[in-house]
Amino acid sequence: MANVIKIKKGLDINLKGKASDVLLNGRKSDSYAIVPDYYNGIIPKVVAKVGEKVKAGSVLMIDKNRPEIKFVSPVSGEVTAVNRGEKRKVLSIVVKPDTQIEYEDFGKKNVSSLKGEEVKEALLNSGMWPFIKQRPYDIVATPTDQPRDIFVSAFYSAPLAPDFDFILKGQEADFQTGLDALAKLTSGKVYVGIRKGSSVNVKSVETVEVEGPHPAGNVGVQINHIKPVNKGEVVWVVNPADVIVIGRLFNKGVADFSRMVAITGSETTERGYIKTISGCTIDSLVAGKILEGKEDLRIISGNVLTGTKVRKDDYLGAYDNQITVIPEGDKTYDFFGWATLGFGKYSVSHSYFTWLAPKSKEYVIDARIKGGKRAMIMSNEYDKVFPMDIIPEYLLKAIIAFDIDKMENLGIYEVAPEDFALCEFVDTSKIELQKIVRQGLDLLYKEMN
């Protein structure tokens, strides 16, 4: 029987636009790209040349400081551009796809007969390694580290999040193989968090049943409740959809980056799932599926709390399997601002009468901040939605001051920016808390390495 964790603190934001459990037709992407900014903790070094022919699985880029970590093309075709920004920063490596995808042959492998080093070598050579991230620092994992444990949260709890049970259908064998492969990489345990009532059924791992509001699906919350990270320890985490891709490598012998992406949000005309390939254009996913004639739309790669604002000609986030479209909210409609009665408006603090509405009521929320930035208020509002054994206000202040000793004592090694997304949402001071945490982790990583 699975262990059970009950999360009491948190907040479920019931937005309009949840994806139906149906497959939608998407337009074929005219290009695919690797975007280095999607991978924390790496310094990109481009090894592919413009005009070069590549296969799915061919190396396009490596990490300069850890050259064994490779980033490969998700499709076969021709490298058409290496886009750079200021100081020659690599922005993206673009590949124009072939009509029929050709794959590098990495060979089918029986995971049960492999040693840990053999599994690691297979993941590094095939470009699967960047799927593995580590705590502390929330960066692409260092292959030479020995993780204490590995954690996978097999469900999503963010607003309008995809249903992993639906994504998993027909791919159960690949998911199990992926977990078996991860188990070879640690002398500890592989913990898999599942939602109460989920149909996810896995073997040879430690299953933990989790119930409660968002952020119950955040792997950081599950780590904190199962086995917290202490100074000097390293744990690895993997997105459940990426576990499927890892399993596919061993079962099929190819780097097949196919994934299911949920189309969500109040400004979409069709909601469901599209089968695509990592690195596709946003336009290939949303074309014909968003409201026409509306200019004030925000397209987000990911969910509304942690996702990235994108344009149609941008590319799907490396770890994302959700597109959300909401109103931008650039126009001003409220004469009295927040002081209006606000019927139909969402409020955490009961500022509007909608708190009396049933929990099933769906809301349309735009991207406006609706207020100016001000000093952090010690009002305990973060703690109400932060279900970790950490005092968020004090940790954030330690990060801002970059007091390493306090940061360590207050739990910096356990957290990632996504863990503070709800705190940022309820924050009356309108502070970019996730940005503060990301900058603090990056500075700490440079200081310690």
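I'll start just after helix α7, where F402 takes a positive phi of about 50 degrees. A reminder before going on: this is a predicted model.

Staying with α7, its buried residues are P392, E393, L395, L396, A398 and I399. What packs over them? The cover on the buried residues of α7 includes α8, residues 404–409, and α10, residues 433–448. As for the spacing, an α-helix has 3.6 residues a turn, so residues three or four places apart point the same way. With that in mind, look again at L395 and I399, both among the buried residues of α7.

L396 also gives me a link to another helix. The C-alpha atoms of H225 and L396 are separated by 21 Å, and the two residues are 171 apart along the chain. H225 sits in helix α4. Is H225 buried or exposed? Neither label fits: H225 has a relative accessible area of 35%, which makes it partly exposed. Leaving out residues up to four places away in sequence, H225 touches I5, I7 and P387. The H225 side chain also reaches the backbone oxygen of V221, at 2.9 Å.

Next, backbone geometry, beginning with the other positive phi values. N380 is not a glycine, yet has a positive phi of about 70 degrees. N380 is found in the loop between β19, 322–327, and α7, 392–401. With a relative accessibility of 41%, N380 is partly exposed. D138, also a residue other than glycine, has a positive phi near 55 degrees. Its loop is the one between β9 and β10. D138 comes out at 7% relative accessibility, and because the cut-off for buried is under 20%, D138 counts as buried.

That same stretch brings up the cis peptides. Which residues does the cis bond with omega of about 10 degrees join? They are R135 and P136. P136 is in the loop between β9, 132–135, and β10, 139–140, and D138 is in the loop between β9 and β10 as well. A cis peptide bond also runs from H214 to P215, with omega near 15 degrees. P215 is placed in the loop between β13, 206–211, and α4, 219–226. That takes us back to α4, the helix that holds H225.

Now the internal space. Rolling a probe the size of a water molecule over the atoms shows where empty space is left. How many cavities of 30 Å³ or more does a search of the whole structure find? It finds two.

The largest cavity holds about 230 Å³ of space. It is lined by 18 residues, and those closest to its centre are I34, Y39, F257, S278 and A318. Two elements give two or more residues to this lining: β2, 32–34, and β6, 70–72. Of these, β6 gives the most, with three residues. By type, the lining has 13 nonpolar residues, four polar and one charged. Where is this cavity relative to the domains? Domain 1, 31–102, and domain 2, 260–356, both give residues to the lining, so the largest cavity lies between them.

The second largest cavity has about 50 Å³ of space. Its lining consists of I167, Q171, A241, I244, V245, R248, S258, R259 and M260. Here the elements giving two or more residues are α5 and β15. The helix α5 gives the most, with four. The lining divides into five nonpolar, two polar and two charged residues.

I'll finish on D256, which touches part of that lining. D256 is in the loop between α5, 240–252, and β15, 258–264, and α5 and β15 are the elements just named for the second largest cavity. Is D256 buried or exposed? Its relative accessible area is 11%, so D256 is buried. Not counting residues up to four places away in sequence, D256 touches Y103, M128, V245 and R248. Of these, V245 and R248 are also in the lining of the second largest cavity. The D256 side chain makes a polar contact with the side chain of S258, at 2.6 Å. S258 is itself one of the residues lining that cavity.

That is the tour: from α7 and its cover, through the cis bonds at P136 and P215, to the two cavities and D256 in its loop.

Key
Residues numbered from 1 in each chain as written. Predicted model: local features only at pLDDT ≥ 70, side-chain atom pairs only at ≥ 80, totals over all residues. Heavy atoms only, no water. Buried < 20%, exposed > 50% of the residue type's maximum accessible area, 1.4 Å probe, protein only. Polar contact = N/O pair within 3.5 Å; in protein donor to acceptor, adjacent residues only side chain to side chain. Contact = heavy atoms within 4.5 Å. 1 Å grid on protein atoms, 1.4 Å probe; cavity = no way out; pocket = protein on both sides within 12 Å on 5 of 7 lines; lining within 4 Å. Points joined across faces, edges and corners; volume = space filled by probe spheres on them. Nonpolar A, V, L, I, M, F, W, Y, C, P; charged D, E, K, R; others polar. Domains from an automatic or database assignment.
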